[in-house]
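User: I have a structure to look through and would like to go over it with you piece by piece. Could you take my questions as they come?

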Amino acid sequence: MRVLLVTPPMTQLNTPYPATAYLTGFLRAHGSALGVTTSQADASLALFLRLFSAPWIERMADALRDRAREPGAKPPMPASIVHFLGHAPRYAATVEPAIRFLQGRDPSLALRIVGRDFLPEGPRFAFLEQAAEAGNDPLRAAFGNLGTTDQARYLASLFVDDLADAWRDGIDPRFELARYGERLAASAPSFDPLETALLSEPTLVDQALDGLARDLVAQHRPDVVGMSVPFPGNVYGAFRMARAMRAAAPGVTFVLGGGWVNTELRALREPRVFDYFDYVTLDDGERPLLNLLGRLAGRRAALVRTYVRKDGAVALENDATQHDFPAKDTGTPTYDGLPLADYVSVLEMLNPMHRLWSDGRWNKITLAHGCYWRKCSFCDVSLDYIGRYDRPATDVVIERVRALIAETGQTGFHLVDEAAPPAGMRALASRLLDERLSITWWGNIRFEKTFTPQLCALLARSGCVAVSGGLEVASDRLLELMKKGVTVAQVARVTRALTNAGIMVHAYLMYGFPTETAQETVDALERVRQLFEAGCIQSAYWHRFSATAHSPIGLEPKRYGITLRPPLDVTFAHNDVEFDDPVGTDHDLLGAGLRKALYNYMLGFGLDADLGVWFEPPRSMARGAGRRVRRARAVPKTTVPRDLIARCLGE
Ligand code: SF4
C-alpha cells in the first residue's frame, strides 16, 4: 500500500513543516508489517515555485491585461497591479534568477541585486525612498558596507512580496505567502463559505494548485493520501487538492488530520467534509493512521479518534483501549523525499530574531510531547498536544539529532516544543558538549527562574543561539490571573541572563486579556520598553488575546470575569469564542499604538520617547478631530517608574 503524506499550501517557505516528516519516520518504523511504503510532498513550496516562475508570471500578466481590457473594467487598479503590469516583462525575466538566489544557488547574483538596477522595485520598496528623503539609509544601517549577501536577500524578499501582492490583489484575494484562504476555515461554524469557494470558477492560483495535485497523483500513484493541515491557512488548499486528486484517481482513500483539525474540528457534524475526505483523524496522527492503514490492509483493526460518515451523518470511531505511542517510540523524523535544496530563505524584516523564522533551513525536533507546565489559562491545555506531557530520554533525542544531521547534512535545529522543558534543555546541552556534537539550536521556552546565568551559559556553549517565550501582558496582576507562573521581575532577570550568555530573546506579548484596563496596557508597554532599553529582549510581537473553546478561559469564563456570547450553531470549525468583558477597554485603539511602538523599539528607535506618541492619531486623522481622535488622546500616562526594570536587575 502506497501512502502519500502532503503538506497543503501555504506554510513557511524556508523549511518543511515537520508533520509529514514525523509521520513518514513513524510509518517507516511501524508500517512495513502492513506492506506500507510512505512518501511525502510539500505542496506549499511546490505551489510557490510554480506561481513564482516565468511562465506563470506571464500568465498572471496576460490575465490582468485581459481583465483591464474588459468592458466595464474600472480603474483605479491597486498600486501593486499598476506597477506589475508596467514592468511585467522584467518581472518574468528576473523572477527565476531571484528565486534561485533565495534558494542559495547563485550567490554571485547578490552584487547585481544590491546595485538596485536588476530587480524591478515596486510598492514594497517605497519606504526605502521615503527614508532616503528623510536622510536615512536603512540598508546601510542594517547591512553596513560588506553585508552584500544579506542586503541582496532582503531586496529579493521585497521583490517576492511585490509579486505576492500582485497575485493577491489581481488574481486571488485569498493568496498570501504563508496562508491561503485562511478566513474560510478559521473558526468557521459553517462549511458553506469553504464549499462555495471550492465550487466557484477557479482562479489562476487554483488552476496551478489543481495541476500540482494531479501531478502528485501521477508521480506517486498513492493508494492513500494523508493531508496534514497545521493551520487554517492550509485548509482551503487541502480540500482543493483532495478534490482535484479524487477526480484524477477515484480509487484513492483520503485522510485529513493535523493541528487545525485537532483544535477546530472537535465538534464536527458536517457530512459534506466526507465528499472530500474519507476519514478525519484527531490528535497525534501515529496511532489513528496506523490502525486505519491496518483496516485498509484487511486487518480487523479498530479505529482510534477517527471521524467517518455513516448513514449520511458524521460518526466518531474511537477504541479508547488503544494508546498513543510514547514519544520514545514514534521513530526518527525523516525529510526523505522533500526537495531540501529548493526551500527559499526570505528576509523580510530587519530583525535578527525574525530572521530565524524565515531564513535558512532548520531540522525540527522536539524534546518532549506536550507542555510540562500546562496551566496557562489562555492555552489549549485541555487538548492532547498541550496536555499530555511525555519526555523521552536524552539518548533518544541525541539519536534523532545524529540521524537528521546524517540525512540532511545540516546542523541547524529548531526545537518545536510548545515550551521546551529546562531539564531536557540542560540534558541536551550537556550531551552535545560531552559528545562534541556541534549544532546550532533555538526554541520556545517559559521564562522561569530555572534559567540561571549558569544554565544560560551552558546552553549557549552547546549551540543555543536564541529563545522565544511568553511574557504575555507584562503585568503581575494579569500574569497571576493567567497562571503563567512568572513575574515581570523574573522575566527581566531570566532574559538578561540569556542575553548576557549571547542568546537572543524574543518575547510573545499579549493585549486585551480579560479585565485588562487601558492603564494596565500602557504600563505593560512601559515595562516592555524598559526591557528593550536594558538589553533584556531583542525582539517581540503583540498578539491580541482571543478566548478559545478548549482553554480554561473558554471553559470557565466566569472565573476570569467575562461572559461568553451565546454559542453559534457550529457544524464545522470551532475555536475562537466571542465574549463580553465588563471592563470595556478599547483594545482596537490601543493595539495600533502598541504595534507602532514595538516596531520602533526593535529597530532601536524611540526608546526615550514619551509613550503617548505611539497612540497619537496620524495627522490626516487628527484633522478630522472625531471621537476616535479624542479617545486616542485620552490614553492614560504610565504609572510605572522609569527605573523599574533596572531595579529588578539590581542596577
Ligand atoms: S502557553 Fe506555553 S507554557 Fe503555558 S501552558 Fe501553553 S504551552 Fe505551556
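User: How do the residues of the lining of the largest cavity divide into nonpolar, polar and charged?

Analyst: The lining of the largest cavity has 4 nonpolar, 2 polar and 1 charged residues, where Ala, Val, Leu, Ile, Met, Phe, Trp, Tyr, Cys and Pro count as nonpolar, Asp, Glu, Lys and Arg as charged, and the others, Gly among them, as polar. Please keep in mind that this is a predicted model, in which local features need pLDDT of at least 70 and side-chain atom pairs count only at pLDDT 80 or more, while totals for chains, interfaces and linings use all residues. Residues are numbered from 1 along each chain as its sequence is written, and side-chain values use heavy atoms, with hydrogens and water left out.

User: Which residues line the largest cavity, and which helices each supply at least two of them?

Analyst: The lining consists of L367, R391, P392, T394, V397, G424 and L428, and helix 17 (394-408) and helix 18 (422-434) each supply at least two residues of it. Helices here are DSSP runs of H or I with at least four residues, strands are runs of E with at least two, and both are numbered from the N terminus.

User: How much space lies in that largest cavity, and what counts as a cavity?

Analyst: About 40 Å³ lies in the largest cavity, and the structure holds 1 cavity of 30 Å³ or more. On a 1 Å grid over the protein atoms alone, a cavity is a set of points where a 1.4 Å probe fits but cannot get out, whereas a pocket is an open set with protein on both sides within 12 Å along at least five of seven lines; lining residues have an atom within 4 Å of a point. Grid points are joined across faces, edges and corners, and a volume is the space filled by probe spheres set on the points.

User: And the second largest pocket, what volume does it have?

Analyst: Its volume is about 790 Å³. Strand 16 and strand 17 (579-580) are the elements that give two or more residues to the lining of this second largest pocket. The lining is made up of 27 residues, with A547, D576, V577, E578 and F579 lying nearest the centre of the pocket, and it divides into 12 nonpolar, 9 polar and 6 charged residues.

User: Moving to N575, is it buried or exposed?

Analyst: N575 is buried, with a relative accessible area of 11%; buried means under 20%, exposed over 50%, and partly exposed in between, with a 1.4 Å probe and protein chains only. N575 is found in the loop between strand 15 (563-564) and strand 16 (576-577).

User: What is N575 in contact with, leaving aside its neighbours within four places in sequence?

Analyst: With those neighbours left aside, N575 is in contact with S187, T263, E264, A547, T548, A549 and H550, a contact being heavy atoms within 4.5 Å.

User: Now helix 14 (286-296), how many of its residues are buried?

Analyst: In helix 14, 9 of the 11 residues are buried, so the helix is largely enclosed by the rest of the structure. The buried residues are E286, R287, P288, L289, L290, N291, L292, L293 and G294, and they pack against strand 1, helix 1, strand 3 (224-228), strand 4 (253-257), strand 5 and strand 6 (306-310).

User: What about phi for G298, just after helix 14?

Analyst: G298 takes a positive phi of about 95°. In the loop between strand 5 (279-281) and helix 14, D283 has phi near 65°, a positive value in a residue other than glycine, and D283 counts as buried at 10% relative accessibility.

User: Where does R436 lie?

Analyst: R436 lies in the loop between helix 18 and strand 10 (440-445), and its phi is near 50°, again a positive value in a residue other than glycine. R436 is exposed, with a relative accessible area of 76%.

User: Which residues does the cis peptide bond join?

Analyst: The cis peptide bond joins P9 and M10, with omega about 0°, and M10 lies in the loop between strand 1 (2-7) and helix 1 (19-30).

User: Last one, how many helices and strands does the protein have?

Analyst: The protein has 28 helices and 17 strands. Its radius of gyration is 25 Å, close to the 26 Å that the globule rule gives for 651 residues, so the protein is as compact as a globular protein of that length; the radius is taken over C-alpha atoms, and the rule is 2.2 Å times the number of residues to the power 0.38.
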